[in-house]
Amino acid sequence: SANVHNAQSRHDWSMPAAVEAADAEAILRRCISCFTHRHLKHDRERQQAALREAAIAVPFLRPRLCGQMAELLRLGRGIARSDSSDGNKGMCALLSAVASPPAALFTGADTRHSAEAAIHAFAASVAAATRCGVSQVEEAAHAALGKLMAQARRHDHRADPPPRLPTPALVTALESEAVVARLVEALACGFLQRKEFACDQLVALCRGSPAACQAALDSGASTAVLANLRAAGGESNASRDTASNPESKTAPGQLTMGSHRLLFGCVELMSILMCWAPDCREALASGGNGSLLPSLLPLLRLVMQAADSVEGRRLKNGLLLLLTQLSSAPSGPAALAHDGHLLRLLMGSLLATLTPHLVGPSTLGSGGALRLCRCGGGGNF
């Protein structure tokens with residue numbers, strides 16, 4: 001151990017040397033030792049330099065080395081500091097580097113169980129950095145995760161006609177509960193931009209993956225979506241108060257707490273989850289605190305008051321299609337009939353502005369339940 005310490009002391013950490021593919025494992029091992037060696041584990045300057053040097057090994061990363069990279073990312077999160085931007089440069093540099101991994105991680109060539117486990121640990125470590133509590137590092141981690149997911153979608157061949165290429169381990173790793181749960185957390189309690197990012201990624205993951213849908217449901221995605229819809233629907237009360245208060249600066253019907261992008265993303269995500277999980281659709285249609293209908297009605301009022309726009313019409317279409325899915329649940333017609341009078345008023349105005357090719361004719365039954373049909377079929381929109 002003394003020889004390792006002396007060798008690292010003589011190394012010029014401020015100017016990382018050129019890396020050869022064969023040196024990547026040695027570099028990662030040396031960088032990890034800066035956090036674990038008894039003489040170096042309190043040397044923050046050395047550790048920051050080690051994280052920067054590890055970044056230059058990323059182009060030579062192979063599946064079997066992902067476990068070491070995951071460990072280094074975990075150790076880097078441990079020294080992240082909210083009171084020092086300079087103290088986070090090493091971790092941010094490493095996250096920026098792992099956002100562009102080599103093609104070897106997407107080829108699916110190494111299918112050994114140990115390699116797949118290492119790749120899953122790597123994806124989970126990047127996702128965990130999005131919730132480390134240090135804004136600078138979280139921003140870098142969100143950017144890295146977004147780029148990784150964009151690359152993974154380009155290498156996802158599951159929807160290709162046979163014969164198809166094998167699905168790389170990194171694609172399935174980014175759909176695991178360890179990653180999806182971090183996105184759900186951001187959707188539940190992040191600020192607006194983080195929520196929009198998380199919702200967009202969840203929609204992209206869940207659209208073609210039952211495993212990602214199940215992971216999202218297990219992580220509380222439906223609860224997070226309901227919270228966002230309720231928060232937006234609550235603005236209808238504020239809008240009415242604004243109309244009666246001339247001193248208020250917010251125009252009636254204005255979305256002040258959320259954006260059309262976030263709200264439509266939440267509506268689309270909820271639609272996808274209900275398509276994949278009929279039990280979820282029934283739970284959301286039935287009464288109680290987890291019911292979706294009480295969250296949709298105030299939001300419908302709000303979008304009715306908003307100025308006409310492409311985004312507004314898109315959101316109205318999405319809300320109506322979500323009501324269509326709710327009506328297909330066993331308890332859906334009864335739930336809709338309970339609020340039939342309000343729905344008649346809302347739908348009568350909404351149908352005048354809906355895109356014709358998305359929604360077909362609608363009729364009101366004798367019991368007051370609204371029956372809607374959508375042209376073209378399909379599970380989601």
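Reader: Is Ala221 buried or exposed?
Author: Happy to start there, with the reminder that this is a predicted model. Ala221 sits in helix α12, which covers residues 221-233. Its relative accessibility is 0%, and buried means under 20%. Ala221 therefore counts as buried.

Reader: Which residues is Ala221 in contact with, leaving aside its neighbours within four places in sequence?
Author: One residue to look at beforehand is Leu187, 34 residues apart from Ala221 along the chain, with 8.1 Å between the two C-alpha atoms. For contact itself, heavy atoms have to be within 4.5 Å. Once the neighbours within four places are set aside, the contacts of Ala221 are Val184, Ala216 and Leu273.

Reader: How are α11 and α14 oriented to each other?
Author: Helix α11 spans residues 210-218 and helix α14 spans residues 260-276. Their axes come within 10 Å and cross at roughly 110 degrees. Angles of 65 to 115 degrees count as roughly perpendicular. So α11 and α14 are, to each other, roughly perpendicular.

Reader: How do the residues in the contact of α11 with α14 divide into nonpolar, polar and charged?
Author: From α11 come Pro210, Cys213, Ala216 and Leu217, and they meet Ile272, Leu273 and Trp276 in α14. Sorting the residues of this contact gives no charged, no polar and seven nonpolar.

Reader: Which helix gives the largest share of the largest nonpolar core?
Author: In soluble globular proteins, nonpolar side chains tend to be buried together. Here the largest nonpolar core has 106 residues, and Leu94, Phe122, Leu170, Leu187 and Leu292 have the most contacts inside it. The largest share of this core is ten residues, and they come from α14.

Reader: What does Leu170 touch, not counting residues up to four places away in sequence?
Author: Leu170 is among the residues with the most contacts inside the largest nonpolar core. With residues up to four places away left out, Leu170 touches Leu105, Phe106, Ile119, Phe122, Ala123 and Leu148.

Reader: Where is Asn88 found, and is Asn88 buried or exposed?
Author: Asn88 belongs to the loop between α4 (66-78) and α5 (89-98). Beyond residues up to four places away in sequence, Asn88 touches Gln48, Ile79, Ala80, Arg81, Val134, Gln136 and Val137. Its relative accessible area is 1%, so Asn88 is buried.

Reader: What joins the side chains of Gln325 and Ser271?
Author: Gln325 lies in helix α17, residues 310-327. With 7% relative accessibility, Gln325 counts as buried. What joins its side chain to that of Ser271 is a polar contact of 2.6 Å.

Reader: Is Asp279 buried or exposed?
Author: Asp279 is in helix α15, residues 278-285. Its C-alpha atom is separated by 8.8 Å from that of Ala329, 50 residues apart along the chain. The relative accessibility of Asp279 is 67%, and the cut-off for exposed is over 50%. Asp279 therefore counts as exposed.

Reader: Which form does the peptide bond from Pro162 to Pro163 take, cis or trans?
Author: Pro163 has its place in the loop between α7 (135-154) and α8 (169-173). Omega for the bond from Pro162 to Pro163 is near -5 degrees, and the bond is cis.

Reader: How much of the protein do buried residues make up?
Author: The secondary structure comes to 19 helices and two strands. Of the contacts with a separation of 6 or more, 72% involve residues 24 or more positions apart. As for burial, the protein has 381 residues, and the buried ones make up 49%.

Notes: Residues numbered from 1 in each chain as written. Predicted model: local features only at pLDDT ≥ 70, side-chain atom pairs only at ≥ 80, totals over all residues. Heavy atoms only, no water. Helix = DSSP H or I, 4+ residues; strand = E, 2+ residues; numbered from the N terminus. Buried < 20%, exposed > 50% of the residue type's maximum accessible area, 1.4 Å probe, protein only. Polar contact = N/O pair within 3.5 Å; in protein donor to acceptor, adjacent residues only side chain to side chain. Axes fitted to C-alpha atoms, helices over the stretch in contact; angles between N-to-C directions. Parallel < 35°, antiparallel > 145°, perpendicular 65-115°, else oblique. Nonpolar A, V, L, I, M, F, W, Y, C, P; charged D, E, K, R; others polar. Core = buried A, V, L, I, M, F, W, Y, C linked by side-chain atoms within 4.5 Å.
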